[in-house]
Amino acid sequence: MRPTPLSVTAPVDMSQASLQAVILKALDATADAIYLVDRTSMKIIHVNDAGCRMQGLTREQLIERGPTAALALSKADLEQTYDAIIASGRPAEPLEMLRPRPNGPPAWLELRRHPVQMGEQWMIVTLVRDITQAKKAQNRITYLNRVYAMLSGINTLIVRVHTRDELFDTACQIAVSTGGFPMAMIAMVDRNLMKIVPVASVGMPADILQGLKERFASDEPRPFGPAQGQTMAERAVSEKRAIINNDLKADPSAIYAKRHLEAGIRAMAMVPIAVSGEGVGVLALYAREVDFFHEDELKLLMELTNDIGFALDHIAKEDRLDYLAYYDVLTGLANRTLFLERVAQYMRSAASDGHQVAVQLVDIERFKNINDSLGQNAGDSLLRQVGQWITGIAGDVNLVARIGSDRFAVVRPMLREGESISALIESRLGELSDHPFRLDGSVFR
């Protein structure tokens, strides 16, 4: 089948007025605001419907106000800009501006300006596009990338950190330097006092930090269950979920909200830190933008605080292993390993200074009978009491150790000239034999 030939229509002969009307209709159909400005008179020749909607004014009002008011620029700056565009003979580089809106928050606008010559006249065609949503999306992507970088930084920190203070300080530094937050703070729960204690911060004004410390340290009861009057940090700990305030001005319920606003803070989030499912603290993050914290980044921030919790657990276990390597868990005294290291140090000091060192060993006789007759709990109690008694006699817990199941040792780093160690031991053994130890309500010597 042969294709049907296309029909060709002859050009339409349009008058200048008709052509202008078509052009203006086309401009009004465009979603971007368009301003036509005569450079000579510096007057708006035409503004389309989108420009009227963007400004919340009629076409007549905008034309009467002129381009300086419509674009919120001074006349001198505008004339200089227009002349530079005309001289270049090409469109100006796009310009982004933050401008107030008639109703609602400020908007990000993108301006594109083109020179057009009409006879002897030069016109500047300005296209204005609202890029607020695109700007927000771009900012969210940038911010999420920064949060991912924070996660990476915290994960790297976990590998090399060995103390809680280093973990807390560096985590706050990462939040500010890598995450882009103006302020960050970590506060931990003191379970003995049942209070939240700020332990690290970066970027916080001294008066705000001091005020928070005083608030949390007050004698006012601070319940950690669902209760009225809880702070955001306390709620985050008790509920084990992120608590946010995305507009401090509209909801000034946060502690020192007015002072935070004065410092340029508009939103804040308290993200809980948990170890083994128990809330132990919060990471407080602060932002300068309203409505800053959203679901996407909160998930990442929860993952970040989970990593901090993991690091805390790791440090606690590492501390525990270090403790077990050098201390006796039952009595809290040094074990054989640590005692021998201390004795070696005292011996080196004695060799260089020319004095004597003495080591005393104490063996509890018939200890097995105590365990067999009264049970292990009674035996453990006896060991603790003996350790406390020996420590009291020695005068320094660092001189005493438990070196076996029922054996203790005491080091005398320096013997005074003429001092008899055997007489001292006999005296101490006599005191030990006469000292009453209470086990299961009975007295033993």
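This report covers two sheets, two helix pairs, a cavity and a pocket.

## Basis

The model is predicted; local features need pLDDT of at least 70, side-chain atom pairs count only at pLDDT 80 or more, and totals for chains, interfaces and linings use all residues. Residues are numbered from 1 along each chain as its sequence is written, and side-chain values use heavy atoms, with hydrogens and water left out.

Helices (H or I, at least four residues) and strands (E, at least two) are DSSP runs, numbered from the N terminus. Two strands pair if DSSP finds at least two bridges between them.

## Sheet β2-β1-β5-β4-β3

Five strands make an open sheet in the order β2-β1-β5-β4-β3, and the pairing is antiparallel. At the edges stand β2 (43–47) and β3 (95–99), each of which pairs on one side only. Neighbouring strands are turned by 30° against each other on average, direction ignored. Axes here are lines fitted to C-alpha atoms, for helices over the stretch in contact, and angles run from 0 to 180 degrees between N-to-C directions.

Strand β1 (residues 33–38) runs antiparallel to β2, and four bridges join them. Leu 36 stands opposite His 46 in β2. Helix α4 packs on this sheet. There α4 touches β1, β4 (107–118) and β5 (121–130), and the direction of α4 makes about 110° with that of β5. Contact means heavy atoms within 4.5 Å.

## Helices α3 and α4

Helix α4 (residues 75–88) also packs with helix α3 (residues 59–71), at an angle of about 85° and with the axes 9 Å apart. That angle makes α3 roughly perpendicular to α4. The classes are roughly parallel under 35 degrees, roughly antiparallel over 145, roughly perpendicular from 65 to 115, and oblique for the rest.

From α3, the contact uses Pro 67, Thr 68 and Leu 71; from α4, it uses Lys 75, Leu 78 and Tyr 82. By class, these are four nonpolar, one polar and one charged residues. Ala, Val, Leu, Ile, Met, Phe, Trp, Tyr, Cys and Pro count as nonpolar, Asp, Glu, Lys and Arg as charged, and the others, Gly among them, as polar.

## Sheet β7-β6-β10-β9-β8

Another open sheet has five strands in the order β7-β6-β10-β9-β8, with antiparallel pairing. Its edge strands are β7 (195–202) and β8 (243–245), each pairing on one side only. The average turn between neighbouring strands is 20°, direction ignored. Helix α7 (residues 206–217) packs on the sheet and touches β6 (183–190), β7 and β10 (278–287). The direction of α7 makes about 165° with that of β7.

At one edge, seven bridges join β6 to β7. Ile 186 stands opposite Ala 200 in β7. The hairpin of β6 and β7 has four residues between the strands, and Met 194 takes a positive phi near 55°. At the other edge, β8 pairs with strand β9 (residues 267–275) over three bridges. Ala 269 in β9 is the bridge partner of Ile 244.

## Cavity

The structure holds one cavity of 30 Å³ or more. The largest cavity has about 90 Å³ of space. On a 1 Å grid over the protein atoms alone, a cavity is a set of points where a 1.4 Å probe fits but cannot get out; a pocket is an open set with protein on both sides within 12 Å along at least five of seven lines; lining residues have an atom within 4 Å of a point. Grid points are joined across faces, edges and corners, and a volume is the space filled by probe spheres set on the points.

Residues lining the largest cavity include Met 185, Leu 212, Phe 216, Met 268, Met 270 and Tyr 286. Helix α7, α8 (232–239) and β9 each supply at least two lining residues. The lining divides into ten nonpolar, two polar and no charged residues.

## Pocket

The largest pocket has a volume of about 800 Å³. Its lining counts 24 residues, and Lys 136, Asn 139, Glu 289, Val 290 and Phe 292 lie nearest its centre. Helix α5 (residues 132–160) gives the largest share, seven residues. By class, the lining has ten nonpolar, five polar and nine charged residues.

## Helices α12 and α13

Helix α12 (residues 367–374) packs with helix α13 (residues 376–394) at about 140°, with the axes 6 Å apart. That makes α12 oblique to α13. Phe 367, Ile 370, Asn 371 and Leu 374 of α12 meet Gln 376, Ala 378, Gly 379, Leu 382 and Leu 383 of α13. This contact has six nonpolar, three polar and no charged residues.
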